[in-house]
Amino acid sequence: MTADHVLRALRAVSAERAEDALLSVRGLTVRFRLRGGREVAAVTDADFDLAAGECLALVGESGCGKSVLASALLGLLPGNAETSGSALLDGTDLLAADEKTLARTVRGRRIGLVPQSPAAHLTPVRTVRAHLEETVRALTGTRRGERRAAAEAAAERAAFPAGHLDRHPHELSGGLAQRAATALALIGDAPLLLADEPTTGLDRALVDRTADELRRHADRGKALLLITHDLAAARRVADRVAVMYAGRMVELAPADRFFGAPGPRHPYARGLLDALPEREFTPIPGFPPELSDLPEGCAFAPRCARATEACAQRPAFRAGVACHHPHGAPGAVRA
Ligand SMILES: Nc1ncnc2c1ncn2[C@@H]1O[C@H](COP(=O)(O)OP(=O)(O)OP(=O)(O)O)[C@@H](O)[C@H]1O
Ligand code: NI
């Protein structure tokens, strides 16, 4: 174990104590109402804390509710969404705050966002440089004469090449738009950063560089929620890992235990790791359920080799896992 690992393990332990939390989410639930009275259970009963200086990676298959969870924290859900639960950020309940408070004091200032589709968040008629300088002006109060240098420094942090700063959004590749979005999100130095797939479209070297920059942000005492499909990136920077399946958190574990020995406890989380090319390269059979038509019991049971009759009941989330027969628990929890 290196000193770095020891530090991270300590941080993971301290984050489990709610009083140290910068962000404290309880029972976060999001429903989308559809025409005809149907509803999509996008996020159900999410509970987690995030401490200053800590990075929590949120992983899970496409459509499991990761981005909806992040949007809920920022008050950015569409009109057909209904949200319940609480999300305390340093005393403010983000789910109860009005739009004015969120717009003036939260977005960009207390919570930075690297959005999942960065190109859609850039203004078409303005160059990357103009976006960066405007954000520097709005969030840091840097004087006019110093904004150009500050914008260039922000680009550099996110590995955005200086030679492309005068491009417009439509002239950017996906990877460049991604780096522009990361540069913009880092400018405000917000206490909480939500990074939704910040490494999409980047090659391995740039993934590592971006992940390391985000880690540095956490190491300067900021909290980082890293939403990612890239388990290698999660392993590189996360202190803890949260796994979502069909809108629910099914496992929350220290990263060293999750990626090392003894490994994940939830069969789904184990399946995610086993699907990696560098591991067994065996995909999880089947598909996730429709969020508008979830089963009564464990949503993963139809795909789970360990499922029994007990799984017709939904498992409670206990000791970091929601499963009737988790790995690493001899004589597993009885139903
Ligand atoms: N406005 C909406 N109305 C209805 N359903 C929606 C709406 N927005 C999202 N959803 C649904 O909510 C679920 C969760 O979506 P979300 O974008 O959070 O998934 P994700 O885990 O971020 O996936 P990905 O990894 O592909 O980004 C999906 O089933 C999606 O179809
Ligand atoms: Ni998403």
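Helices and strands here are DSSP runs, with at least four residues for a helix and at least two for a strand, numbered from the N terminus. With that in hand, let us walk through this predicted model.

A good place to start is ligand 1. Helix α2 gives the most to the shell around this ligand, with three residues. Both α2 (66-74) and strand β2 (39-51) supply at least two residues of that shell. The shell has 15 residues, and those that come nearest to ligand 1 are Phe-32, Ser-62, Lys-66, Ser-67 and Val-68. Sorted by class, the residues around ligand 1 are seven nonpolar, seven polar and one charged.

Now follow β2 into its sheet. Four strands, in the order β2-β1-β4-β5, make an open sheet with antiparallel pairing. Because β2 and β5 (92-93) stand at the edges, each with a single partner strand, one side of each has no neighbour in the sheet. The partner of β2 is β1 (residues 21-33), and nine bridges join these two antiparallel strands. You can find Ala-21 opposite Ala-51 of β2. Helix α2 appears again here: it lies across β1, β2 and β4 (81-89), and runs at about 70 degrees to β2.

Finally, step back to the whole chain. The protein chain is divided into domain 1 (1-110 + 190-283) and domain 2 (120-189). Their centres, taken over C-alpha atoms, are separated by 25 Å. Where the domains touch, 13 residues of domain 1 are in contact with twelve residues of domain 2. On the domain 1 side, helix α7 (residues 204-219) provides the largest share, five residues. That side divides into five nonpolar, five polar and three charged residues.

Note on methods
Residues numbered from 1 in each chain as written. Chains lettered and ligands numbered in written order. Predicted model: local features only at pLDDT ≥ 70, side-chain atom pairs only at ≥ 80, totals over all residues. Near = placed C-beta within 6 Å. Nonpolar A, V, L, I, M, F, W, Y, C, P; charged D, E, K, R; others polar. Pairing = 2+ DSSP bridges. Contact = placed C-beta atoms within 7 Å. Axes fitted to C-alpha atoms, helices over the stretch in contact; angles between N-to-C directions. Domains from an automatic or database assignment.
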